[in-house]
Number of protein chains: 2
Amino acid sequence: MAQGDDSGQDPRGLLVGVLGGTGAQGRGLARRLALAGVRVVLGSRDPARARAAAEGLGVPGVVGDGNDGCAQRADLVVVAVPWEGHAEVLSALAPQLQGKIVVDCVNPIAFDARGAYALEVAEGSACQQAAALLPRSTVVGAFHHLSAVLLLDPAVDEIDSDVLVVGDDRVATDLVQALAGLLPGVRGVYAGRLRSAGQVEALTANLVSVNRRYRTHAGVRVTRP
Amino acid sequence: MAQGDDSGQDPRGLLVGVLGGTGAQGRGLARRLALAGVRVVLGSRDPARARAAAEGLGVPGVVGDGNDGCAQRADLVVVAVPWEGHAEVLSALAPQLQGKIVVDCVNPIAFDARGAYALEVAEGSACQQAAALLPRSTVVGAFHHLSAVLLLDPAVDEIDSDVLVVGDDRVATDLVQALAGLLPGVRGVYAGRLRSAGQVEALTANLVSVNRRYRTHAGVRVTRP
């Protein structure tokens, strides 16, 4: 089965930007990618905060910058901003993201007294919103279900989870699968087109329910007999 | 972790009805439940077709009946009708289903030249539509991702998949988890409230994409470190 090793490009050669890189998910992904030998630039509105977050990770190969510089410098950009800032951040960075692969891992979910629930998104999903705002970028959905707690935990060597990769461009989804496959224990699995991103994002609300019921940090594996 | 064995009721004592029992999913679930020692009544519009489908399974403990008789006789009813007939069938059977657990496994998905995609459902999901049509029943979502091909294959001893169980009634979700756990290899996992059913149903479109890309019959496991 393809794990991305059929991708033409070695993901280790990429400079990966992480917008929203000071949040737990962004820092966690940056940490694991850097440990796998990928150079990463964390982006934040405040460049000083991004640099502090990068240093705080304590792994070589991660630097910080403003969102603008992050998007400008990176070869491939992961979007890990809070859903509330998603449209605004991406609209502002459309010129810098032009011609690049943009990997959206944002989950439009909210919480109330009964737990987590999926928000309605006019475009269908965060990924489709990104695609609408970034017509000159190639948007791929991935990394929605990896637990930030596990990504950041130095005691966790491997993460028992697949990364479901959705997108309409085969070269891009192959590359993102390969990127996901660099994380120990993780496998990148192609899981459909961008129009099928909404349920991948929303499933995070179910995983929050799993986490609460079973007091864990759940992941998802696609099984194949 | 709870696999349903914390449920008060032994699911083996239930008479399980399967509406849409002549379809592949319904027959497959009936076959595996019967092999696990559960008595099953397949329902169909045409009682003769239901009886023929039951006999065709070649396992003891499965009988056929009209949808009406199936819903009337069964202790717990699995809804495995095509999405197109979902609202009509359930509306007609509301009196017979009153006071019972109704397990909806219907996936509102469609296909076009680009593959499978999730349909919009006014109520949010097939499960929520069922709950709206059956206010005097307890609706639980489950069994969405089990491959009918694998369920029906006599060469397949175990199915490597979890069953994500969603619902608002703890007794009911516990019982359905226990029912799922009777299928060899399968584990019932609580995965949130009924309002989080839509993405579980829609994820089937992604699994169809996985099946096409990797030429397999994919399932889903929830991992917990």
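**Salt bridges, burial and pairing in the two-chain model**

User: What makes B:D168 and B:R193 a salt bridge?

Analyst: B:D168 and B:R193 have their closest N and O atoms 3.9 Å apart. A salt bridge is a side-chain nitrogen of Lys or Arg within 4 Å of a carboxyl oxygen of Asp or Glu, so this pair qualifies. The two residues link distant parts of the chain, 25 residues apart: B:D168 is in the loop between β9 and α7 of chain B, and B:R193 is in the loop between β10 and α8 of chain B. This is a predicted model, in which local features need pLDDT of at least 70 and side-chain atom pairs count only at pLDDT 80 or more, while totals for chains, interfaces and linings use all residues; side-chain values use heavy atoms, with hydrogens and water left out. Residues are numbered from 1 along each chain as its sequence is written, while chains are lettered from A and ligands numbered from 1 in the order in which they are written.

User: Why is B:D168 called partly exposed, and why is B:R193?

Analyst: Buried means under 20% relative accessible area, exposed over 50%, and partly exposed in between (1.4 Å probe, protein chains only). B:D168 has 43% and B:R193 has 27%; both values fall in the middle range, so both residues are partly exposed.

User: How do you know that B:D65 counts as buried, and how is its salt-bridge partner B:R73 classed?

Analyst: The closest N and O atoms of B:D65 and B:R73 are 2.8 Å apart, which meets the salt-bridge rule. B:D65 counts as buried because its relative accessibility is 16%, whereas B:R73, at 42%, is classed as partly exposed.

User: What makes the pair of B:R221 and B:D160 a link between separate parts of chain B?

Analyst: The salt bridge of B:R221 with B:D160 has its closest N and O atoms 2.8 Å apart. B:R221 lies in strand β11 of chain B and B:D160 in the loop between α6 (148-152) and β9 of chain B, so the contact ties together parts that are 61 residues apart in sequence. Helices (H or I, at least four residues) and strands (E, at least two) are DSSP runs, numbered from the N terminus. B:R221 is buried at 18%, and B:D160 is partly exposed at 44%.

User: Why is A:E55 called exposed?

Analyst: A:E55, in helix α2 (residues 47-57) of chain A, has a relative accessibility of 67%, so it is above the limit for exposed.

User: How do you know that β4(B) and β5(B) pair, and what is the hand of the crossover between them?

Analyst: Two strands pair if DSSP finds at least two bridges between them. Four bridges join strand β4 (residues 76-79) of chain B to β5(B), and therefore the two strands, which run parallel, are paired. The chain passes from β4(B) through helix α4 (residues 86-97) of chain B to β5(B) in a right-handed β-α-β crossover. Right-handed means that, with the strands pointing away from the viewer, the path from the first strand over the helix to the second runs clockwise.

User: What makes β11(A) a covered strand, and how does β11(A) pair with β11(B)?

Analyst: Five of the five residues of strand β11 (residues 219-223) of chain A are buried. A:G219, A:R221 and A:T223 lie on one side, with A:V220 and A:V222 on the other. In a regular strand the side chains alternate between the two faces of the sheet. Five bridges pair β11(A) with β11(B) in the antiparallel sense; A:V220 has B:V222 as its bridge partner.

User: How is the area buried between chain B and chain A defined, and how much is there?

Analyst: Buried area is the accessible area (1.4 Å probe) that two parts lose on being put together, summed over both. For chain B and chain A it is about 3,500 Å², of which carbon and sulfur atoms give 53%. In chain B, B:R195, B:R213 and B:Y214 lose the most area to chain A, together 21% of what that side buries. Counting contact as heavy atoms within 4.5 Å, 44 residues from chain B and 43 residues from chain A take part.

User: What makes B:R195 and A:D112 a salt bridge, and how many are there across the interface?

Analyst: B:R195 and A:D112 have their closest N and O atoms 2.8 Å apart, so the pair satisfies the rule. Two salt bridges are found across the interface of chain B and chain A.
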